[in-house]
Amino acid sequence: MNLFIFILGTVIGSFINVCIYRIPRGESIAYPYSHCPQCGYKLAARDLIPILSFLYLRGRCRRCNAKISMRYPLVEFLTGAMFFLVFIKLGFSLDFLSAATLISSLIVATFTDLEYQIIPDKVVLPTMVIGLLLNILIHDKNILNYLMGSVLGGGTIFLIAAFSQGGMGGGDIKLFAAVGLFLGMRLTLLSLLLSFILGAIAGIILIVLKLKGIKDAIPFGPFIALGSIVSLLAGDKVISWYFLKYVHL
């Protein structure tokens with residue numbers, strides 16, 4: 001079953017790659033069929049096997065020999081690995097479906113933010129709707145906790161954006177609002193803290209290495225995703241460790 005979940009994740013990862021490439025360009029994710037962006041070669045089924053096709057073709061188009069971005073196998077493997085870890089934690093359940101939905105959206109948001117500096121509404125808004133519906137099914141008696149998580153996540157980023165005059169974007173606000181619907185208040189708060197810490201560390205490293213200047217914008221979507229996934233997979237353990245180590249009640 002574990003292997004099946006990993007393979008399922010890589011297949012979803014292949015679709016995520018389509019979303020990453022097409023949604024920012026305003027293209028349909030359903031049509032036309034997958035093709036080489038250089039020569040237009042329509043990919044056959046043998047060219048679409050996650051990870052393996054890339055390795056077999058040595059990262060090049062079968063027809064024109066153009067290089068294929070390493071992002072494709074990376075996203076496929078990453079999605080498969082994340083699905084596997086979530087399955088180990090939650091088993092095959094509605095909670096697994098909820099977590100897999102969030103992770104898929106976060107991966108799309110991460111790579112669109114890195115490549116195009118946008119987090120598309122076509123990704124975030126459906127995620128919010130799905131998150132709300134799933135929580136009505138799973139946590140109907142505790143739905144207020146998740147609604148408040150959404151307000152906490154989106155509201156915090158909104159206030160930062162307002163006071164920093166552009167330091168955060170609308171996509172960041174909506175993405176954290178979506179995260180809150182899946183994680184609830186406690187884990188959303190942890191996600192916020194982790195995202196800021198990781199973003200600050202990465203920013204300092206990039207500036208020290210002179211890859212970025214102090215005034216250069218750094219996409220925040222990847223740090224939202226990383227903080228949220230850590231909270232999803234290990235948030236309860238992180239919070240328990242903190243209280244045991246630093247808070248003596």
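How many salt bridges does the count come to? In this predicted model, the count comes to four salt bridges. Three of these pairs are described below, together with the helices that carry them, the nonpolar core and a nonpolar patch on the surface.

Glu115 and Arg71 form one of the salt bridges, with 2.6 Å between the closest N and O atoms. Since Glu115 belongs to helix 4 and Arg71 to helix 3, the pair ties together parts that are 44 residues apart in sequence. The two partners differ in their surroundings: Glu115 has a relative accessible area of 35% and is therefore partly exposed, whereas Arg71, at 7% relative accessibility, counts as buried because the cut-off for burial is under 20%.

A salt bridge also joins Lys174 to Asp121, the closest N and O atoms again lying 2.6 Å apart. This pair links distant parts of the chain, with Lys174 in helix 7 and Asp121 in helix 5, 53 residues apart. Lys174 counts as partly exposed at 27% relative accessibility, and Asp121 is likewise partly exposed, at 36%.

In a further salt bridge, the side chains of Asp236 and Arg186 meet at 2.6 Å, N to O. Here the linked parts of the chain are helix 8, which holds Asp236, and helix 7, which holds Arg186; the two residues are 50 residues apart. The relative accessibility of Asp236 is 38%, and this residue counts as partly exposed.

The largest nonpolar core comprises 47 residues, and those with the most contacts inside it are Ile103, Leu106, Ile157, Leu175 and Val179. At least two residues of this core are supplied by each of helix 1, helix 3, helix 4, helix 5, helix 6, helix 7 (170–208) and helix 8 (221–246). Helix 7 provides the largest share, 13 residues. In soluble globular proteins, nonpolar side chains tend to be buried together. When residues up to four places away in sequence are not counted, Ile103 touches Met82, Val86, Ile229 and Leu232.

Helix 1 spans residues 2–22, 21 residues in total, and reaches 30 Å from its first C-alpha to its last, close to the 30 Å expected at 1.5 Å a residue. Its buried residues are Ile5, Gly9, Thr10, Gly13, Ile16, Asn17, Val18, Cys19, Ile20 and Arg22. The partners against which the buried residues of helix 1 pack are helix 3 (71–90) and helix 4 (94–116).

Asn135 is located in helix 5. With a relative accessible area of 2%, Asn135 is buried. Apart from neighbours within four places in sequence, the contacts of Asn135 are Asp140, Ile143, Tyr146, Leu181 and Phe182.

On the surface, a nonpolar patch is formed by Val129, Leu132, Leu133, Ile136, Leu144, Leu147, Met148, Val151 and Met185, which together have about 770 Å² of accessible area. Two or more residues of the nonpolar patch come from helix 5 (121–138), and two or more from helix 6 (143–164). Among the patch residues, Leu147 lies in helix 6. At 36% relative accessibility, Leu147 counts as partly exposed.

Note on methods
Residues numbered from 1 in each chain as written. Predicted model: local features only at pLDDT ≥ 70, side-chain atom pairs only at ≥ 80, totals over all residues. Heavy atoms only, no water. Patch = residues over 30% accessible without salt bridge, like charges linked within 9 Å, V, L, I, M, F, W, Y side chains within 5 Å. Areas by Shrake-Rupley, 256 points an atom, 1.4 Å probe, with all protein chains shown as cover. Helix = DSSP H or I, 4+ residues; strand = E, 2+ residues; numbered from the N terminus. Buried < 20%, exposed > 50% of the residue type's maximum accessible area, 1.4 Å probe, protein only. Expected span 1.5 Å × (residues − 1). Contact = heavy atoms within 4.5 Å. Core = buried A, V, L, I, M, F, W, Y, C linked by side-chain atoms within 4.5 Å.
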